[in-house]
2 protein chains.
Amino acid sequence: MESCSKCGNPKVIIHRKQSGQHLCKECFIENIRKKVLKTIRKENLINKGDKVLVALSGGKDSVTVLDILYDLYKCNIIKLVAVTIDEGIDGYRNDGVEIAKDFASNLKIEHHVVSFKEVYGMSLDEIMKNSKHRGSCTYCGVFRRDIINKMARKVNADKIVTGHNLDDETQAILMNYLEGNIRNLSKIGSKTESKSPMFITKIKPLREIPEKEIGLYAVAKDLNVHFASCPYAEKSFRGEISEIVKGLSKNHPTLMYSTLRGFDKIKTAINNQYKTKYKFERCKICGEPSSNELCRVCTFLDELK
Amino acid sequence: MESCSKCGNPKVIIHRKQSGQHLCKECFIENIRKKVLKTIRKENLINKGDKVLVALSGGKDSVTVLDILYDLYKCNIIKLVAVTIDEGIDGYRNDGVEIAKDFASNLKIEHHVVSFKEVYGMSLDEIMKNSKHRGSCTYCGVFRRDIINKMARKVNADKIVTGHNLDDETQAILMNYLEGNIRNLSKIGSKTESKSPMFITKIKPLREIPEKEIGLYAVAKDLNVHFASCPYAEKSFRGEISEIVKGLSKNHPTLMYSTLRGFDKIKTAINNQYKTKYKFERCKICGEPSSNELCRVCTFLDELK
């Protein structure tokens, strides 16, 4: 058995095939922390004094990113707020919400829980009982992003932090390559800024950390996280791509990294080509910025009436 | 049973899942021919009067592309020459060479057969007996391209035509996406032009036709083609990617097309970013253009000494 490549500790918790590195618990935790901070610095994701809103589901990704950002908060480098969305999924969401509440309260940071029910008048369970529904994930994505963005404006946050990891990013990049969806490709990246000040900038500090390592970080740091998966999770193209990337990564352990690096290299070129002359209109119903007459939220709510 | 979407003939030979189209033999043949000619016109692959050298292995792709280009030859739009490489693979290559010879002689076009043995002093079989070899495909690719390019110069060809199909292109694009190899991506496309006049422009008229349809075209037109696969074919990354693309295409029949279209959209942007300030030097041994002191051919030959 190999010992830790950093400190020699014989009790190793990870062997990274991509680098040959073995790490003990302490060195692994420190390594992940440093990597995330490096992403933040390199990509200029956060400025000193920023008020940062973490979208905290209670899952391993969002708990981990909050755990790491908490260090910056303690050192008075950033201000920290968390928001948890209660989509209203019986037997599933409550656990996540409780975990998020506990975690935020232990850290003594401002925390908001907002439900679909209170904002849109219906829970996801109720939406799914409506015969005109478009599939659970469609609503969940659009409604969650809407609530998080509004909360960010409400608390005057400079940045919204999401827990997207390397697997998520690789899947998104690959899906859009395969679908030839260049416009969507141009929206992927460590930082999503909008021309409209109504949309708060979103950042992804974990985008260079593989999902497996985030799970391991949460275990190593003894973080309480919600590991269940959503009962509405659909068999999707993303699911197929996820399986493929996992399969390929077994024999090609650097594959996700090289896909991300390659994408980041051409991203500027793609962005220049697809420089949007987006002229935001206002949604006729709610007044939020929208490229169509109705924003997606109001379109969906209208359909479900 | 559906009848032909074009002419109503009840004897259908293909159902295209991607378009829902059913085609009879005659309409399918005509459809492929038109698609290839459309690619040639749209991408400006061939000019009137061009002398075109077809790299004719005797396999379905190269036989099909020659069969289609022959129409342009008959109408005096282009001049046509074919070259077949005999790599020297016992029990495999001879069949392909014979098929190529027969086909070219039936069409009454100029045809050259060139062997690794006569050019480099050793067959691929002999190379593979050398303990210092780098794997069969490495030599095969480099040596074949070298011979074909030299033959194109010798016969004063304006273009080299290869039989690369949609599957080949999709695999190459995807491999380089996953490897993050942007420089290689910038070399993929319907037309590969070099800044050095020593490298003749290569074109791929079949790059929008799926492999399966090329096989079907060859059968429908009763073309004699070599269907065996090379005994040296290696378990490769390309093989893995090929399986994945085939698997995904079952449920997503437009996937290869959308990947290609997406790539073609960003290709210009990639090329602008990777505009090579290639300064070709001359290979110290053979004098061919080379970015290193020795060209790849001479490097390999030197190693095998």
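In this predicted model, helix H7 of chain A, residues 166-179, packs against helix H11 of chain A, residues 255-273, at an angle of about 60°, with the two axes 10 Å apart. The axes here are lines fitted to C-alpha atoms, for helices over the stretch in contact, and the angles run from 0 to 180 degrees between N-to-C directions. Helices are DSSP runs of H or I with at least four residues, strands are runs of E with at least two, and both are numbered from the N terminus. With that angle, H7(A) is oblique to H11(A), given that angles under 35 degrees count as roughly parallel, over 145 as roughly antiparallel, 65 to 115 as roughly perpendicular, and the rest as oblique.

The crossing of H7(A) and H11(A) is left-handed, in the sense that the near helix is turned anticlockwise from the far one by less than a right angle, clockwise being right-handed. On the H7(A) side the contact, meaning heavy atoms within 4.5 Å, involves A:Leu166, A:Asp167, A:Glu169, A:Thr170, A:Ile173 and A:Tyr177, and on the H11(A) side A:Met256, A:Tyr257, A:Thr259, A:Leu260, A:Phe263 and A:Ile266. By class, these residues are 8 nonpolar, 2 polar and 2 charged, where Ala, Val, Leu, Ile, Met, Phe, Trp, Tyr, Cys and Pro count as nonpolar, Asp, Glu, Lys and Arg as charged, and the others, Gly among them, as polar.

Before going on, a word on conventions: residues are numbered from 1 along each chain as its sequence is written, and chains are lettered from A and ligands numbered from 1 in the order in which they are written. Local features need pLDDT of at least 70, side-chain atom pairs count only at pLDDT 80 or more, totals for chains, interfaces and linings use all residues, and side-chain values use heavy atoms, with hydrogens and water left out.

The second helix pair is H1, residues 25-42, with H9, residues 211-220, both of chain A, packed at about 125° with axes 10 Å apart. H1(A) is thereby oblique to H9(A), and their crossing is left-handed. Here A:Lys25, A:Phe28, A:Ile29 and A:Ile32 of H1(A) meet A:Glu213, A:Leu216, A:Tyr217 and A:Ala220 of H9(A), a set with 6 nonpolar, no polar and 2 charged residues.

Let me turn to the annotated sites. An unreviewed UniProt entry gives "binding site" for A:Cys283, A:Cys286, A:Cys295 and A:Cys298, in the numbering used here, with feature names shortened and with the caution that annotations may be inferred rather than shown by experiment. These cysteines are spread over 16 residues of sequence, yet they cluster in space, the largest C-alpha distance being 8.0 Å.

A:Cys295 lies in the loop between strand S10 (289-290) and helix H12 (296-304), and at 8% relative accessibility it counts as buried, which means under 20% relative accessible area, with exposed over 50% and partly exposed in between (1.4 Å probe, protein chains only). Beyond neighbours within four places in sequence, A:Cys295 contacts A:Cys283, A:Cys286 and A:Ser290. A:Cys298, in helix H12, is likewise buried at 8%.

The unreviewed entry also lists a "binding site" at residues including A:Leu56, A:Gly163 and A:Asp168. A:Leu56 sits in the loop between strand S3 (51-55) and helix H2 (60-74) and is buried at 1%. A:Asp168, in helix H7, is partly exposed at 21% and, not counting residues up to four places away in sequence, touches A:Gly163 and A:Arg238.
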